[in-house]
Amino acid sequence: MTLIWPLTHIFGIVLMGFSGLMSTALAVSFLAEDGATAAFLNGTLATFTLGLLMFGSTMHVKKEVRARAGFLLVALTWSLLPAFGAIPLVLQLPGLSFTDATSRPCRA
């Protein structure tokens with residue numbers, strides 16, 4: 001069995017859950033009327049759609065994850081979720097590069 005399919009399935013679930021967390025930022029942006037609602041909506045929909053595609057395309061695969069796959073899943077989650085969290089920032093600020101958008105929340 002290859003390692004990629006169970007990880008893709010689980011990461012799809014993680015992405016769909018993360019889009020739920022992004023929807024709270026969407027709600028706050030809507031209530032505050034700060035002008036970033038469209039960027040949060042597009043980012044949330046893109047994250048949920050990709051997660052749903054990853055989850056749905058691997059429904060038929062046997063989901064057996066061992067310890068080393070778990071470590072890889074944690075590393076992928078910590079490295080890829082900030083990229084999805086940066087989507088609204090990139091959409092809202094057109095002059096901002098993707099690298100700056102992903103590292104901006106980490107700056108003090």
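Here is a short walk through this structure, one selection at a time. Keep in mind that you're looking at a predicted model.

**Stop 1: Thr-8**

Start by selecting Thr-8, which sits in helix α1. Is Thr-8 buried or exposed? It counts as buried, because its relative accessibility is 15% and the cut-off for buried is under 20%. Now show what surrounds Thr-8: leaving aside its neighbours within four places in sequence, you'll find it in contact with Met-54 and Thr-58.

**Stop 2: Glu-33**

Next, follow α1, which covers residues 4–32, and step into the loop between α1 and α2 (37–57), where Glu-33 has its place. Switch on the surface here and you'll see that Glu-33 is exposed, with a relative accessible area of 69%. Check the backbone too: phi of Glu-33 is near 50°, a positive value in a residue that isn't glycine.

**Stop 3: Lys-62**

Move on to Lys-62, in the loop between α2 and α3. Lys-62 counts as exposed, at 58% relative accessibility. Try the distance tool from Lys-62 to Ala-39, C-alpha to C-alpha: the two are 36 Å apart in space and 23 residues apart in sequence.

**Stop 4: helix α3**

Now select residues 67–85, which make up helix α3. This helix has 19 residues and reaches 27 Å from its first C-alpha to its last, close to the 27 Å expected at 1.5 Å a residue. Where does α3 bend? Look at Trp-78: α3 bends there by about 25°, and a proline, Pro-82, follows within four residues.

Colour the buried residues of α3 next: Ala-69, Leu-73, Thr-77, Leu-81, Ala-83 and Phe-84. As you look along the helix, remember that an α-helix has 3.6 residues a turn, so residues three or four places apart point the same way. What covers the buried residues of α3? The cover includes α1, α2, α4 (87–92) and α5 (98–103), so bring those helices into view as well.

**Stop 5: Thr-77**

Finish by zooming in on Thr-77, one of the buried residues of α3. Thr-77 counts as buried because its relative accessible area is 18%, and the limit is under 20%. Which residues is Thr-77 in contact with, leaving aside its neighbours within four places in sequence? Select Phe-11, Val-14 and Pro-82 to see them. You've already met Pro-82: it's the proline that follows the bend at Trp-78.

Definitions and conventions: Residues numbered from 1 in each chain as written. Predicted model: local features only at pLDDT ≥ 70, side-chain atom pairs only at ≥ 80, totals over all residues. Heavy atoms only, no water. Helix = DSSP H or I, 4+ residues; strand = E, 2+ residues; numbered from the N terminus. Buried < 20%, exposed > 50% of the residue type's maximum accessible area, 1.4 Å probe, protein only. Contact = heavy atoms within 4.5 Å. Expected span 1.5 Å × (residues − 1). Bend = angle between axes of the 7 residues up to and from the residue.
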